[in-house]
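Here is a short report for a reader who is meeting this structure for the first time. Look at the fold, then follow the text residue by residue.

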Amino acid sequence: MAKKTDRSKLTGKFTKAASSNSNRVHVVPSKDGWSVKKEGATRSTAVRPTKEGAIKAAKNVKSAERIVVHKKDGTIQSNKKKR
């Protein structure tokens with residue numbers, strides 16, 4: 001049985017991680033699917049139903065230099081330079 005995650009704890013982790021203003025864009029789980037958030041922003045740039053769709057949307061953010069993809073539990077899955 002999968003462990004249930006506390007969304008408020010995840011939100012706090014993402015807020016703390018996004019406190020700097022760099023050119024990184026994060027793909028993070030949200031209640032509506034997957035969110036694309038610029039680091040330091042309070043609102044999502046985009047929300048997609050799938051992780052793959054959110055990664056494509058993150059690649060379209062012009063100011064992004066790096067794309068940080070998170071797992072459902074909030075840990076980092078990958079941290080790559082935008083191509």
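A residue is called buried when its relative accessible area is under 20%, exposed when it is over 50%, and partly exposed in between. Valine 25 has a relative accessible area of 1%, so valine 25 is buried. Keep in mind that this is a predicted model.

**Overall layout**

The protein holds two helices and five strands. Along the sequence they follow the pattern α-β-β-β-α-β-β. The protein has 83 residues, and 31% of them count as buried. About 6,100 Å² of the protein is exposed, with carbon and sulfur atoms supplying 50% of that area. Take the contacts in the protein with a separation of 6 or more: residues 24 or more positions apart account for 30% of them.

**Valine 25 and strand β1**

Where does valine 25 sit? Its place is in strand β1. Leaving out residues up to four places away in sequence, valine 25 touches Val36, Lys37, Lys38, Ala58, Val61, Ala64, Arg66, Ile67 and Val68. One of these partners is lysine 38, 13 residues away along the chain. The C-alpha atoms of valine 25 and lysine 38 are separated by 4.4 Å.

**The salt bridge**

How many salt bridges does a search of the whole structure find? The search finds one. Arginine 24 pairs with glutamate 39 in a salt bridge, and their closest N and O atoms are 2.7 Å apart. Arginine 24 lies in strand β1 (residues 24-30), while glutamate 39 lies in the loop between β2 (33-38) and β3 (46-48), so the pair ties together parts that are 15 residues apart in sequence.

Are the two partners buried or exposed? Arginine 24 has 30% relative accessibility, so it counts as partly exposed. Glutamate 39 is buried, at 3%.

**Lysine 51 in helix α2**

Lysine 51 is found in helix α2. Lysine 51 is buried yet has no salt bridge. Which side chain of opposite charge is nearest to lysine 51? That is glutamate 52, and it is 6.9 Å away. Setting aside neighbours within four places in sequence, lysine 51 is in contact with Val27, Trp34, Val69, His70, Lys71 and Gln77.

**A charged patch**

Helix α2 (residues 51-59) also holds lysine 59. Lysine 59 has a relative accessible area of 52%, so lysine 59 is exposed. Lysine 59 belongs to a positive surface patch, formed by Lys56, Lys59, Lys80 and Arg83.

**Two loop residues**

Aspartate 32 is placed in the loop between β1 and β2. At 56% relative accessibility, aspartate 32 counts as exposed. Which residues does aspartate 32 contact, leaving aside its neighbours within four places in sequence? They are Val47, Arg48 and Pro49.

Glycine 74 is in another loop, the one between β4 (66-70) and β5 (76-81). Glycine 74 has a relative accessible area of 16%, so glycine 74 is buried.

**Pairs across the sequence**

The table gives pairs of residues with their separation in sequence and their C-alpha to C-alpha distance.

| Pair | Apart in sequence | C-alpha to C-alpha |
|---|---|---|
| Valine 25 and lysine 38 | 13 residues | 4.4 Å |
| Aspartate 32 and threonine 50 | 18 residues | 9.5 Å |
| Glutamate 39 and alanine 64 | 25 residues | 9.5 Å |
| Glycine 74 and valine 27 | 47 residues | 9.9 Å |

Glutamate 39, the salt-bridge partner of arginine 24, returns here with alanine 64. Valine 27 also returns: it pairs with glycine 74 in the table, and it is among the contacts of lysine 51.

Methods:
Residues numbered from 1 in each chain as written. Predicted model: local features only at pLDDT ≥ 70, side-chain atom pairs only at ≥ 80, totals over all residues. Heavy atoms only, no water. Salt bridge = Lys/Arg side-chain N within 4 Å of Asp/Glu carboxyl O. Helix = DSSP H or I, 4+ residues; strand = E, 2+ residues; numbered from the N terminus. Buried < 20%, exposed > 50% of the residue type's maximum accessible area, 1.4 Å probe, protein only. Contact = heavy atoms within 4.5 Å. Areas by Shrake-Rupley, 256 points an atom, 1.4 Å probe, with all protein chains shown as cover. Patch = residues over 30% accessible without salt bridge, like charges linked within 9 Å, V, L, I, M, F, W, Y side chains within 5 Å. Lys, Arg positive; Asp, Glu negative; His and termini not counted. Charge placed at Lys NZ, Arg CZ, Asp CG, Glu CD.
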